[in-house]
Amino acid sequence: MLFSKYPNVMRWVMVFLSFVIISLILWNTYVFFQNFKEEERTKMENWSFAQKEYLRILDNLSIDNDFNPKDLDLILKILGSNTTTPMIVADQDLNVVTFSNIGESKVTDSTFVSKKDSLFVMDNAKQLIEQFSNENKPIAIINENQTLYYGNSPLLNKLKYYPLALILIIVLFSAVVYFFYRSSKIATQNKLWSGMAKETAHQIGTPLSSLIGWTEILKSENTNPEYIVEIEKDISRLQTITERFSKIGSVPTLQKADIVQETIESYDYLKARSSNLVEFELETPQEEIFVLLNQQLYSWTIENLVKNAIDAMKGKGKLSVRITHLEDEVKIQVKDTGKGLHKNQFKSIFEPGFTTKKRGWGLGLSLAKRIIEDFHSGKIKVLHSEIGKGTTMQIILKTI
């Protein structure tokens, strides 16, 4: 109830709460990362202390007759406990004394070294030492003139990307919610338009029945037959429009029909009611071409394409309708000499609400796309367009 009463306020509240939640998650992740980093440093400081003690014992081994090997157990356990953090111990000249947890592709020997004065050859040693120095502050091994350089463990490196992964998941979830909301809204709008269309058809039906009655009266009063014929044409047209609107929102019935004849009838009707400044041209095959068709909806599509073409030419120019029969399909092209379209408009013109007219709902081509692609399993697209030279629209339908 509150959301429906104050929708904008609630949306901003949701956005703010989402921002706060994301910020808290990122902050906690950062704190955890820093704590983990401190724990790794403590571990490496313990390792450096054990290394110093180990070297000291080796120095005094020759003069300490009371040395007990068990005294080394704890030290060796500490030295061997590091199984994840990559590290290098180097002297003042950056000669590698020992190393651990570095890939075999970068070193010649990855085994733990226990001899004091052994130096090891390591590929890219200076680069690794520089990299480790940038990641963590080196630890000096006091009185041994050695320095411990260590990098981030694999787990720590993975944690660095955790916030990005989390943000990506949140973005994807938000996108899913948005598209669900948008689809739901579009479905509601479609139901509304369908209801309005059917109600319009119902409302037109009443005066249409009255016009049919008045036509019969005019016939009985010896009115000029030519007038009656034109009135009946318009009444027939109104009946067709009523049938069109009544079919919106429901699956139409398709019947076998000659696409050439249906196109010619729509073409002739529009030509007779258009400006003389528009030059019409029709090119069709001589043979019949049969397709599964709903005549009323197809004629509505042709009407929309022709009217859009005339509007694009501002009521003056050349309009061509051409039908081409291929093996298992037929192509209907409507070409004008109007203002043309930009390439980025080729798909957007079929979206509901898109229009380049000052007065227009932007539903004509959207309905045409639905009629051809959803109801007739065909295709409709902008075949070609050039600014200032015109546009060619194309419909493709399967033949039977």
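This report describes a pocket, two buried residues and several salt bridges in a predicted model.

## The second largest pocket

The second largest pocket holds about 610 Å³ of space. Two elements each give two or more residues to its lining, namely helix 2 (7-60) and helix 6 (162-220). Helix 6 gives the most, with seven residues.

In total, 14 residues line this pocket, and those nearest its centre are Met14, Val15, Ser18, Ser174 and Val177. Sorted by class, the lining consists of ten nonpolar, two polar and two charged residues.

## Two buried residues

Asn82 is found in the loop between helix 3 (72-79) and strand 1 (87-91). Its relative accessibility is 6%, so Asn82 counts as buried, the limit for that class being under 20%. Leaving aside residues up to four places away in sequence, Asn82 touches Lys43, Met44, Trp47, Met87, Ser100 and Asn101.

Asp258 belongs to strand 5, which covers residues 255-258. With a relative accessible area of 13%, Asp258 is buried. Its contacts, again not counting residues up to four places away in sequence, are Glu288, Ile289 and Phe290. Asp258 and Gln295 are 37 residues apart in sequence, and their C-alpha atoms are 9.7 Å apart in space.

## Salt bridges and a shared network

Side chains of opposite charge can pair when their charged atoms come close. The model has eleven salt bridges. One of them joins Glu373 to Lys369, with the closest N and O atoms 3.0 Å apart. Because these two residues are four residues apart in helix 10 (residues 364-375), about one helical turn separates Glu373 from Lys369. Glu373 is partly exposed at 27% relative accessibility, and Lys369 is partly exposed with a relative accessible area of 29%. Elsewhere, salt bridges that share partners join Glu216, Lys219 and Glu232 into one network.

Within this network, Lys219 forms a salt bridge with Glu216, where the closest N and O atoms are 3.7 Å apart. Both residues lie in helix 6, three residues apart, or about one turn of the helix. Lys219 also pairs with Glu232, and here the closest N and O atoms are 2.6 Å apart. Glu232 lies in helix 7 (residues 225-247) and Lys219 in helix 6, so this pair ties together parts that are 13 residues apart in sequence. The three members of the network are partly exposed: Lys219 at 39% relative accessibility, Glu216 with a relative accessible area of 45% and Glu232 with 31%.

Note on methods. Residues numbered from 1 in each chain as written. Predicted model: local features only at pLDDT ≥ 70, side-chain atom pairs only at ≥ 80, totals over all residues. Heavy atoms only, no water. 1 Å grid on protein atoms, 1.4 Å probe; cavity = no way out; pocket = protein on both sides within 12 Å on 5 of 7 lines; lining within 4 Å. Points joined across faces, edges and corners; volume = space filled by probe spheres on them. Nonpolar A, V, L, I, M, F, W, Y, C, P; charged D, E, K, R; others polar. Buried < 20%, exposed > 50% of the residue type's maximum accessible area, 1.4 Å probe, protein only. Contact = heavy atoms within 4.5 Å. Salt bridge = Lys/Arg side-chain N within 4 Å of Asp/Glu carboxyl O.
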